[in-house]
Amino acid sequence: KYKIFEEGYNQRHCIYTGYYNSAADKSVFLFHHKPSISTVMVNKYNDEWRIAQHYGKHNSTVDKTIKDKCEDILLNNSKFADFFTRNSKVEKSIEDIPELDMPF
């Protein structure tokens, strides 16, 4: 709970007030991308995982190259696909998020 609050406070956007409950019930997954200092939200839409939002501080635009790389890693990497499926609202279990080196 604190991490999501801290993300919203530091980024100056509504991730905590608007999406904490959805994250808590595992309807969405939230990530902080350190190199770009941005927040990524993944959710399921029409039975497919997708990047629902990806914004920088004050909801600023994130460079398209970075957005595309994050999307590729989060949606096309089997470690994350399996993680989302196993830990989503339906499953209700939780485990550690897969570690990946994202040098960009």
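With which side chain does the side chain of asparagine 43 make a polar contact? The partner is the side chain of arginine 50, at 2.8 Å. A polar contact here is a pair of N or O atoms within 3.5 Å; within protein, one must be able to donate a hydrogen and the other to accept it, and residues adjacent in sequence count only if both atoms are side-chain atoms.

**Basis of the model**

This is a predicted model, in which local features need pLDDT of at least 70 and side-chain atom pairs count only at pLDDT 80 or more, while totals for chains, interfaces and linings use all residues. Residues are numbered from 1 along each chain as its sequence is written, and side-chain values use heavy atoms, with hydrogens and water left out. The pLDDT is the predictor's confidence in each residue, from 0 to 100. Its mean over the chain is 87, and 86% of the residues reach 70 or more. Among the elements, helix 3 (residues 64-76) has the highest mean, 95, and helix 1 (residues 2-11) the lowest, 85. Helices (H or I, at least four residues) and strands (E, at least two) are DSSP runs, numbered from the N terminus.

**Sheet and helices**

Three strands form an open sheet in the order 1-2-3, with antiparallel pairing; two strands pair if DSSP finds at least two bridges between them. Strand 1 (28-33) and strand 3 (48-56) each have a single partner strand, so one side of each has no neighbour in the sheet. Neighbouring strands are turned by 25° against each other on average, direction ignored. Strand 1 is joined to strand 2 by six bridges.

Helix 2 (residues 15-24) lies across strand 1, strand 2 and strand 3, at about 130° to strand 1. Helix 3 also packs on the sheet, touching strand 1, strand 2 and strand 3, and makes about 145° with the direction of strand 3. Axes are lines fitted to C-alpha atoms, for helices over the stretch in contact, and angles run from 0 to 180 degrees between N-to-C directions.

**Asparagine 43 and two loop residues**

Asparagine 43 lies in strand 2 (residues 38-45), and valine 28 stands opposite. Contacts (heavy atoms within 4.5 Å) of asparagine 43 include Ser27, Glu48, Trp49 and Ala52, not counting residues up to four places away in sequence. Asparagine 43 counts as buried because its relative accessibility is 13%; buried means under 20% relative accessible area, exposed over 50%, partly exposed in between (1.4 Å probe, protein chains only).

Two residues other than glycine have a positive phi:

| Residue | Loop | Phi | Relative accessibility |
|---|---|---|---|
| Lysine 26 | helix 2 to strand 1 | near 65° | 18%, buried |
| Asparagine 59 | strand 3 to helix 3 | about 60° | 40%, partly exposed |
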